[in-house]
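This report goes through the structure shown below, from its charged side chains to its overall dimensions and surface. Please keep the sequence and the model at hand while reading.

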Amino acid sequence: FLLFLPAGMGIIYTLSKGAGFAQSLRAGLSLFFPALWMSILMYFVVVGGFVMLFVPAVLMSIWFSLSAFTLVIEGKRGLNTLLQSREYVRGYWGSIFVRFLALFILLMLTYWASSLFGQTAGMMIYLVVAVFIGPLASVYLYKIYQNLAALKPALAASEPASGRGFLITSGIIGLIAPIVFFVLLFSLLLSVVPFSSPNPFHRGS
């Protein structure tokens with residue numbers, strides 16, 4: 001993941017700026033920490049959505065699908081990348097969901113077709129195909145971003161004005177929920193399997 005993160009940012013930089021490999025690589029590396037922070041925030045916010053219900057998590061996943069583009073192209077940082085992405089998606093959620101569903105079906109069909117060649121050969125074929133599908137998926141998402149940016153030209157120069165409190169709340173829930181889950185799980189294990197130390201001086205009669 002840590003290797004793919006700057007690579008993904010570099011691809012977006014190439015698509016948006018038409019830059020060469022070396023320049024895009026430098027841009028991707030320079031955006032590593034902002035992209036990592038964005039990914040951490042997105043993870044906890046979406047996990048918070050899963051804790052609340054499955055539907056909010058799916059809703060948020062589509063909301064934040066363009067966050068990397070707002071980071072690289074518009075220079076947004078932190079929660080603003082997520083909020084800006086949500087503003088682009090607002091009003092077009094259903095259309096974007098259908099497009100993501102089509103991409104997901106394509107990936108699943110590719111995996112299914114490669115599995116027909118056996119486990120080892122199929123995995124090798126899938127990995128080779130995935131090398132080409134990854135950049136194509138980035139282009140696909142970039143076109144979605146371009147279309148939405150053209151429909152909402154004033155957004156790029158503005159800062160998101162609402163929704164920050166909701167995302168912070170969801171992120172806190174996403175941070176706390178796994179901790180609470182593992183504490184409860186550990187407590188349950190302790191109650192089901194109590195620890196006992198055998199008495200070395202006890203002899204059976």
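Is Arg 90 buried, partly exposed or exposed, and what is its relative accessible area? The model is a predicted one, and in it Arg 90 has a relative accessible area of 43%, so Arg 90 counts as partly exposed.

## Salt bridges

Side chains of opposite charge can pair when their charged atoms come close. The structure holds 3 salt bridges, and the table lists each pair with its closest N to O distance.

| Positive residue | Negative residue | Closest N to O distance |
|---|---|---|
| Lys 76 | Glu 159 | 3.3 Å |
| Arg 86 | Glu 87 | 3.4 Å |
| Arg 90 | Glu 87 | 2.8 Å |

Two of these pairs share a residue: Arg 86, Glu 87 and Arg 90 are linked in a network of salt bridges, with Glu 87 meeting Arg 86 at 3.4 Å and Arg 90 at 2.8 Å. The members of this network are covered to varying extents, since Arg 86 is buried at 8% relative accessibility and Glu 87 is buried at 16%, whereas Arg 90 is partly exposed at 43%.

The remaining pair brings together two loops, and its distance of 3.3 Å is the separation of the closest N and O atoms of Lys 76 and Glu 159. Lys 76 belongs to the loop between α5 (67-72) and α6 (79-89), while Glu 159 belongs to the loop between α8 and α9, so this salt bridge ties together parts of the chain that are 83 residues apart in sequence. Lys 76 has a relative accessible area of 4%, and therefore counts as buried.

## A buried lysine without a partner

Lys 152 is found in the loop that runs between α8 (119-151) and α9 (164-192). Which side chain of opposite charge is nearest to Lys 152, and how far away is that side chain? The nearest is Glu 87, at 6.0 Å, and Lys 152, although buried, has no salt bridge. Because a salt bridge requires a side-chain nitrogen of Lys or Arg within 4 Å of a carboxyl oxygen of Asp or Glu, the separation of 6.0 Å from Glu 87 does not qualify. Lys 152 nevertheless touches Glu 87, along with Tyr 88, Val 89, Arg 90 and Tyr 92, when residues up to four places away in sequence are not counted. Both Glu 87 and Arg 90, which appear among these contacts, are members of the salt-bridge network described above.

## Helix α9 and distant parts of the chain

Gly 174 lies in helix α9 and is buried, with a relative accessible area of 0%. Its C-alpha atom is separated by 7.2 Å from that of Val 46, a residue 128 places apart from Gly 174 along the chain. Apart from neighbours within four places in sequence, Gly 174 is in contact with Phe 44, Val 47 and Gly 48.

Ile 168 is also found in helix α9, but Ile 168 is partly exposed, with a relative accessible area of 41%. Between the C-alpha atoms of Ile 168 and Gly 48 the separation is 9.7 Å, although these two residues are 120 residues apart along the chain.

## Overall dimensions and surface

The chain has 9 helices and 0 strands. Its radius of gyration is 23 Å, whereas a compact globule of 205 residues would have one near 17 Å, and the C-alpha trace spans about 85 × 50 × 35 Å along its principal axes. Buried residues make up 34% of the 205 residues. Of the contacts between residues at least 6 apart in sequence, 71% join residues at least 24 apart.

The chain exposes about 13,000 Å², of which carbon and sulfur atoms supply 75%. A nonpolar surface patch of about 1,100 Å² is formed by residues that include Phe 97, Phe 104, Ile 105, Trp 112 and Ile 125. Helix α7 (residues 93-115) gives the most to this patch, with 8 residues. One of the patch residues, Ile 105, lies in helix α7 and counts as partly exposed at 43% relative accessibility.

Methods
Residues numbered from 1 in each chain as written. Predicted model: local features only at pLDDT ≥ 70, side-chain atom pairs only at ≥ 80, totals over all residues. Heavy atoms only, no water. Helix = DSSP H or I, 4+ residues; strand = E, 2+ residues; numbered from the N terminus. Buried < 20%, exposed > 50% of the residue type's maximum accessible area, 1.4 Å probe, protein only. Lys, Arg positive; Asp, Glu negative; His and termini not counted. Contact = heavy atoms within 4.5 Å. Rg over C-alpha atoms; globule rule 2.2 N^0.38 Å. Areas by Shrake-Rupley, 256 points an atom, 1.4 Å probe, with all protein chains shown as cover. Patch = residues over 30% accessible without salt bridge, like charges linked within 9 Å, V, L, I, M, F, W, Y side chains within 5 Å.
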